[in-house]
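Work through the exercises below with the sequence and the coordinates side by side, and try each task before reading its solution.

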Amino acid sequence: MTANLMIVEDDDRVRGALRLAMEDEGYDVAEAEEAEDALEHLRDNGAPDVMIVDLMLGDMDGFTCIREIRRDHDVPIIVVSARDDTHDVVAALEAGADDFVTKPFEIKEITARMRALRRRANQTIEPQTPQELVLDADPELPLVLSPEGGTVRRGEEELHLTLTEFRLLCELAETPGRVLSRSVLLERVWDRGFFGDERIVDVHVRRLRTKIERDPSDPVVVVTVRGLGYRLDVQR
Amino acid sequence: MSRRGPGPPGHRRLLSRSQSLRGRTVIAFALTAGLVSAVLAVSVSVLGRGVWMTLIACVVFGTAIGAIVGLWLSRRLLEPLQRVTRAAARIASGELGTRLPDTDDPDLAPTVDAFNAMVDSLQRRIDRERRLVGDVSHELRTPLTTLTTSVGVMARHEQDLPERSRRALALVQAELDHLRRLLDDLLALARAEARMHRADAEPLSVRELLAHTLAERHYPPELLRVSVDATVAGRKLELERALVNLLDNAERHGGGVVAITAGRVGSEVVITIDDAGPGVAPQDQQRIFERFVTVRRSRRSGTGTGIGLALVAETVAAHGGRVVCGDRPGGGARFVVSMPLSEETH
């Protein structure tokens, strides 16, 4: 089955080259030169299977573009940028991107990451994971994770997590009370090794906390263990 | 900032003078002198006839008073200097927002102003450099992306190309690869020199670092011999890059790595990378760590960027260590990296 890809990139030649390479890989490619065009396309046609967004766009900067997309869609987003300044990386991830690739990149690298993101989207959860896991047993507004259903609920309200945030939560929830190092999380959620960029984990944990914790500045469910990693504590 | 206004009334000027460093010093000495004289006068009148007794008493009391005042005064005098020292240390460690607080002391004000102005200028320069690295990065990387991507597509379909075009394509790919590595290395070096770090230092096991680096580059793990594992406080990606550059150097100029060892010597970690190539001539052993210096050790044409070893030197220095090139017993070159152990290792 052909997968849909949308490329949001203002430089004509880079966009052209990317289109060429991605079509070669078998993707059905839609292009947008500016953020506005991309958002319009999303409104008219719904979300593609994966998006590549350049941070330096003409009209709207990449961060704002991603945030706008995230308002209505869960689509996996890979951000590309020539700048790999910490500030840019963190800001892009905070805005809602799932992954970050620096230009110039090997086509193999970006397609591998796209495949990993899409695999997460279609993943069926292993049977060992319980049907539903109560993460915070608050009597009024309990936090309930349903890995098979692919949802997280606070009381009656379903929380909107991106694929990556959800996957990260499921990974932590598989071993409650146990510390998982950033390396391990990078490996399991992003298929990255020892030298992967750990900032991706940190930012995603931060994003997760703003969505599921009652007080994100004082997290009790997803806890940082200094020097070791992160741990999920079930609140009874 | 504290500045004295134009011609304040007489009594206020006197008061502000007494608050200044110079004022306080003058008053302290004056008081001491006065006090000692008073003691002298009192002892003379009280003890009267015993000249020696009077003398001894005066000396003892006078010295005591002088010492106490001196102690107090020296502390007050050194205090501003200590504040400057602390601020300087914080700034050197990267807290560029540090400034000395405003002071009402008219004698210290010029020092405070000058110091703060210096830090402002330093911060501006670092910000400018950071922006430059970012801009250059973007401007050069964008066309490189188009080139790399398009050539990648061509390479996938090289069967469709005639022989000559295929060879030309191979050359283009090789040169693009070289350009990309050159750009990466240059930017990394610029960042390292400006001490622009992208991550915090963390305790790293040297054994793990080396094992993972070797695995990533598909080297056989048997090459590595770690006598005692040690922990360094370092930035993973920066150290990986330095190690990879040393490995590449051995490949390119030394016919390949023959041994990598790591161990503890005193309070340092020592990592050795050996090759069995032609070695490096003694007169070049220091030069090779400079930018753009390539020494033809073998007959193969240089594929290096000329920056790899400069980056190694800079990275290792930023971690508080050093790297030297020497001869391997038995022939070849031996590169030795030493770095201080992290405090957590006992």
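The exercises that follow treat a helix, a hairpin and a contact between chains.

This is a predicted model, in which local features need pLDDT of at least 70 and side-chain atom pairs count only at pLDDT 80 or more, while totals for chains, interfaces and linings use all residues. Residues are numbered from 1 along each chain as its sequence is written, and chains are lettered from A and ligands numbered from 1 in the order in which they are written.

**Exercise 1.** Find which residues of helix α7 (residues 182-190) of chain A are buried.

Solution. Taking a residue as buried if 20 or more other C-beta atoms lie within 10 Å of its own, with C-beta atoms placed from the backbone, one obtains Leu185(A), Val189(A) and Trp190(A). Viewed down the axis of α7(A), these buried residues fall within an arc of 85° (taken from the directions from the helix axis to the C-beta atoms), so they line one face of the helix. Just after α7(A), Asp191(A) has a positive phi of about 55°.

**Exercise 2.** Describe how strands β11 and β12 of chain A are joined.

Solution. Strand β11 (residues 222-225) and strand β12 (residues 229-232) of chain A run antiparallel and are joined by 4 bridges. Within this pairing, Thr224(A) stands opposite Tyr230(A) of β12(A). The hairpin has 3 residues between the strands, and Gly227(A) takes a positive phi near 80° there.

**Exercise 3.** Determine how many residues of chain B are in contact with chain A.

Solution. With contact defined by C-beta atoms, placed from the backbone, that lie within 7 Å, 21 residues of chain B meet 18 residues of chain A. The largest share of the chain B side, 14 residues, comes from α4(B).

Terms used:
A residue is buried if 20 or more other C-beta atoms lie within 10 Å of its own, exposed if 12 or fewer, and partly exposed in between; C-beta atoms are placed from the backbone. Helices (H or I, at least four residues) and strands (E, at least two) are DSSP runs, numbered from the N terminus. Two residues are in contact if their C-beta atoms, placed from the backbone, lie within 7 Å. Two strands pair if DSSP finds at least two bridges between them.
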